[in-house]
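Colleague: I would like to learn how to read a model like this one, feature by feature. Could you take me through it?

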Amino acid sequence: MMEDSRKGNILIAEFKSVSRGIMVTDSMAKSASINIVQASTLCPGKYMIIAEGEISALVSAENIAGQQGGRHLFSSAIVSSINRKVIEAIGGKLGNPGSDGAIGIIEGPNMADLVNSSDIALNSARVDFIEYRLARGCGVNSFYIMTGTLSALSEAVKNAAAYLGERGSLLAYRIIPGPDRQVLKWMKSSLCSYQV
């Protein structure tokens, strides 16, 4: 059976030490057939890597993280068969907030659950990500912001929030219909892109 090219798999690994995280990330990149989607420091003094690849390569990379990370590995999770738009958003390929339509914000503490919820949101309705932060620059919480029509966002947010609620991983969610242009202006200037 052919794998759906619109789907992908990711590994999320978080380390309690920046130096150990960078060292282990280097070992994973050299030893497993993975593509690093994002690798960055987190506050306070943590390091996170998100890599994509075949499940077997990600399992190998996760094993390396466990062996070499030891007590410094805070958490790791493989999220399989997700929409490539989610992976692209994590990597910094984001849309722009439009002047019409609405925005929806979803927040949660568990990165793997948040990634799965964003996949559910994309599969529910036609929406685009305008921000996607996994525990970066905001302590331990992660969030994503979507844009689209009010009806599309309502469906996407409802389904994503329901999934997170069932998992005990929902902090908050909001839909803002027709956001004020001043809000959009400041939102554009505060959103991040991680691509180098």
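Modeller: Gladly. Helices and strands here are DSSP runs, at least four residues for a helix and at least two for a strand, numbered from the N terminus. Keep in mind that this is a predicted model.

Colleague: How many helices and strands does the chain have, and what pattern do they follow along the sequence?

Modeller: The chain contains 6 helices and 8 strands. Going along the sequence, the order is β-α-β-β-α-β-α-β-α-β-β-α-β-α.

Colleague: And how do I read burial and contacts for the chain as a whole?

Modeller: For burial, the cut-off is a relative accessible area under 20%. Of the 196 residues in the chain, 46% are buried. For contacts, look at separation along the sequence: among contacts with a separation of 6 or more, 76% join residues 24 or more positions apart. The chain exposes about 9900 Å², and carbon and sulfur atoms supply 50% of that area.

Colleague: Now pockets. What is the general idea?

Modeller: Rolling a probe the size of a water molecule over the atoms shows where empty space is left. In this model, the largest pocket has a volume of about 210 Å³.

Colleague: Which residues lie nearest the centre of the largest pocket?

Modeller: Those are Glu14, Ser75, Pro109, Asn110 and Met111, out of 13 lining residues. The lining divides into 8 nonpolar, 3 polar and 2 charged residues. Strand 1 (7–15), strand 4 (73–83) and helix 4 (111–124) each supply at least two of the lining residues, and strand 4 gives the most, with 4.

Colleague: Helix 4 turns up there. How should I read a helix?

Modeller: An α-helix has 3.6 residues a turn, so residues three or four places apart point the same way. Helix 4 has 14 residues and spans 20 Å from its first C-alpha to its last, close to the 20 Å expected.

Colleague: Is helix 4 mostly covered or mostly open?

Modeller: Mostly covered: 10 of its 14 residues are buried. Among them are Met111, Leu114, Val115, Ser118 and Leu122. Ser117, also in helix 4, has a relative accessible area of 0%, which means that Ser117 is buried. Not counting residues up to four places away in sequence, Ser117 touches Ile106, Tyr144, Ala160, Tyr163 and Leu164.

Colleague: What about backbone angles?

Modeller: Most residues other than glycine have a negative phi, and most peptide bonds are trans. Ser81 has a positive phi of about 55 degrees although it is not a glycine. Ser81 sits in strand 4 and counts as partly exposed because its relative accessible area is 41%.

Colleague: Which residues does Arg6 contact, leaving aside its neighbours within four places in sequence?

Modeller: Arg6 is in contact with Ile82, Asn83 and Arg84. Arg6 lies in the segment before strand 1, and its relative accessible area of 60% makes it exposed. The C-alpha atoms of Arg6 and Ser81 are separated by 8.9 Å, although the two residues are 75 apart along the chain.

Colleague: Could you show me one more pair that is far apart in sequence?

Modeller: Try Ala172, in strand 8 (residues 172–177). The C-alpha atoms of Ala172 and Gly108 are separated by 7.0 Å, with their positions 64 residues apart along the chain. Leaving aside neighbours within four places in sequence, Ala172 is in contact with Ile105, Ile106 and Glu107. With a relative accessible area of 22%, Ala172 is partly exposed.

Technical notes: Residues numbered from 1 in each chain as written. Predicted model: local features only at pLDDT ≥ 70, side-chain atom pairs only at ≥ 80, totals over all residues. Heavy atoms only, no water. Buried < 20%, exposed > 50% of the residue type's maximum accessible area, 1.4 Å probe, protein only. Contact = heavy atoms within 4.5 Å. Areas by Shrake-Rupley, 256 points an atom, 1.4 Å probe, with all protein chains shown as cover. 1 Å grid on protein atoms, 1.4 Å probe; cavity = no way out; pocket = protein on both sides within 12 Å on 5 of 7 lines; lining within 4 Å. Points joined across faces, edges and corners; volume = space filled by probe spheres on them. Nonpolar A, V, L, I, M, F, W, Y, C, P; charged D, E, K, R; others polar. Expected span 1.5 Å × (residues − 1).
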